[in-house]
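Thanks for making time this morning; I would like to walk through one model with you, going from the strands outward to a few single residues and then to the ligand. Please have the sequence and the structure open while I talk.

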Amino acid sequence: MNSKKISDPRHRSGTAESSDQSLQAELKRKGNIPAHIAVIMDGNGRWAKKRGLPRIAGHHEGVESVRDTVEACGQLGVKYLTLYAFSTENWKRPKEEVSLLMRLLMGALRDETDKLHRNNVRVHTIGDTASLPAEVQTELKEAIERTKQNSGLNLLLALSYSGRWDMATAMRAIAHEVEAGKIGAGAIDETLIGKYLSTGGIPDPDLLIRTSGEFRISNFLLWQLAYSEIYISPCYWPDFRRAELYNAIGDYQQRERRFGMVSEQVREPQRSQISQFFKNLSGT
Ligand code: FPP
């Protein structure tokens, strides 16, 4: 976590919009913008508790953070943003909170789909969406259908999702294909498994952000996060706005992603390949 912190654009001189644009331009100039960012949005309840408010107030304010993060990711040219909005385990919360969360989600989809569409965002879902209330499923289907031609940011809402659910579902589907004689057991490899996951065809997250200072993966994209860079933000999710997103991306840009290799191979891939070639030639 060694990046220079970026201050909130709203506290800078000049208009917020122009200073935000220059922060985005600076980030783009400094390094790669992650193609896929995944977020564990945590801390809504604690944010509310700190203010003596009911937990749902935290979830409400969390929708503002979703709005700002989605908009900023679209502007930065992030291709995929996956938000952990409701986990398989979240069904165990008090009934009232679950139903308020579902209503909030439905309202947010209703209110935001037009804007998402105007901003060229394409909505997708991952998870056991058949277990969601019928009205939520209807809103989701409409948002997906309405935005399906969009070519900007792909927004993946993880709903009734867990990494273990994802893997079990993929394994079951593969087993059916084997049973039906469509694929041989020997053909099962990492690429094939990846295709059967709910994120099939989507690159693995480059960057995982978790808010509220907790160091856990919480059954999120367990397979897909194998080589993601992790950024833990101290902010509760309702306090997470684009300035903190820029900090996370700035931090990511300073990481060296080695994917199990050594530093030299990553820094100077060509030279390292040439030296390997001569080593192979000389048999050393
Ligand atoms: C975690 O905070 C947050 C959730 C389980 C729900 C996230 C939902 C939203 C931000 C609103 C709707 C989302 C969209 C995509 C419109 P927590 O309740 O676990 O907080 P705590 O750990 O402080 O109790």
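Let me begin with Thr125, which stands opposite Leu157 in β4. From β3 the chain passes through helix α5, residues 134-146, and on to β4, and the β-α-β crossover made in this way is left-handed. I should say at once that this is a predicted model, and I will ask you to keep that in mind for the handedness as for everything else. The two strands in question, β3 at residues 122-126 and β4, run parallel and are joined by five bridges, and another of the pairs places Val123 opposite Leu155 of β4.

How much of each of these strands is covered? For β3, four of the five residues are buried, so the strand is largely enclosed by the rest of the structure. Strand β4, which spans residues 154-161, is mostly covered as well, with seven of its eight residues buried.

On its way across the sheet, β4 also pairs with β2, again in the parallel sense, and here the count is seven bridges; one of the pairs sets Tyr80 against Asn154 in β4. Moving on from β2, we come to β1, residues 36-40, which runs parallel to β2 and is joined to it by five bridges, with Ile40 having Tyr84 of β2 as its bridge partner.

Putting the strands together, the model has an open sheet of six strands with parallel pairing, and the order, if you read across it, is β3-β4-β2-β1-β5-β6. The edges are held by β3 and by β6, residues 229-232, and each of these has a single partner strand, so one side of each is left without a neighbour in the sheet. From one strand to the next the twist averages 20 degrees. At the β6 end, helix α8, residues 242-253, lies across β5 and β6, and its direction makes an angle of about 140 degrees with β6.

Now to some individual residues, and I will start with Leu132, which sits in the loop between β3 and α5, that is, on the path of the crossover I began with. Is Leu132 buried or exposed? It has 20 C-beta neighbours inside 10 Å, and because 20 or more is the cut-off for a buried residue, Leu132 counts as buried. If we set aside neighbours within four places in sequence, the contacts of Leu132 are Met102, Gln137, Leu159 and Ser160. For Leu159 we also have the separation: 27 residues along the sequence, but 8.2 Å in space from C-alpha to C-alpha.

Ser160, one of those contacts of Leu132, belongs to strand β4 and deserves a look of its own, since its phi is positive, about 50 degrees, although the residue is not a glycine. With 21 C-beta neighbours inside 10 Å, Ser160 counts as buried.

A second residue with a positive phi, near 50 degrees, and again other than glycine, is Phe259. Phe259 is found in the loop between α8 and α9, and, with 8 other C-beta atoms within 10 Å, it is exposed.

On the edge strand β6 we find Glu229, which has 19 C-beta neighbours inside 10 Å and therefore counts as partly exposed. Not counting residues up to four places away in sequence, Glu229 touches Asp206, Leu207, Tyr252, Arg255 and Arg257.

Finally, the ligand. Which parts of the chain each supply at least two residues of the shell around the ligand? They are α2 (44-50), α3 (55-76), β2 (80-87) and α4 (95-118), and it is α3 that gives the largest share, four residues. There are 18 residues around the ligand, and those that come nearest are Asn44, Gly45, Arg46, Gly62 and Ala108. By character, the shell divides into ten nonpolar, six polar and two charged residues.

If we go back to the structure for discussion, I would suggest beginning with the left-handed crossover from β3 through α5 to β4, and then turning to the positive phi of Ser160.

Methods: Residues numbered from 1 in each chain as written. Predicted model: local features only at pLDDT ≥ 70, side-chain atom pairs only at ≥ 80, totals over all residues. Near = placed C-beta within 6 Å. Nonpolar A, V, L, I, M, F, W, Y, C, P; charged D, E, K, R; others polar. Buried ≥ 20, exposed ≤ 12 C-beta atoms within 10 Å, placed from the backbone. Pairing = 2+ DSSP bridges. Right-handed = clockwise from strand over helix to strand, strands pointing away. Axes fitted to C-alpha atoms, helices over the stretch in contact; angles between N-to-C directions. Contact = placed C-beta atoms within 7 Å.
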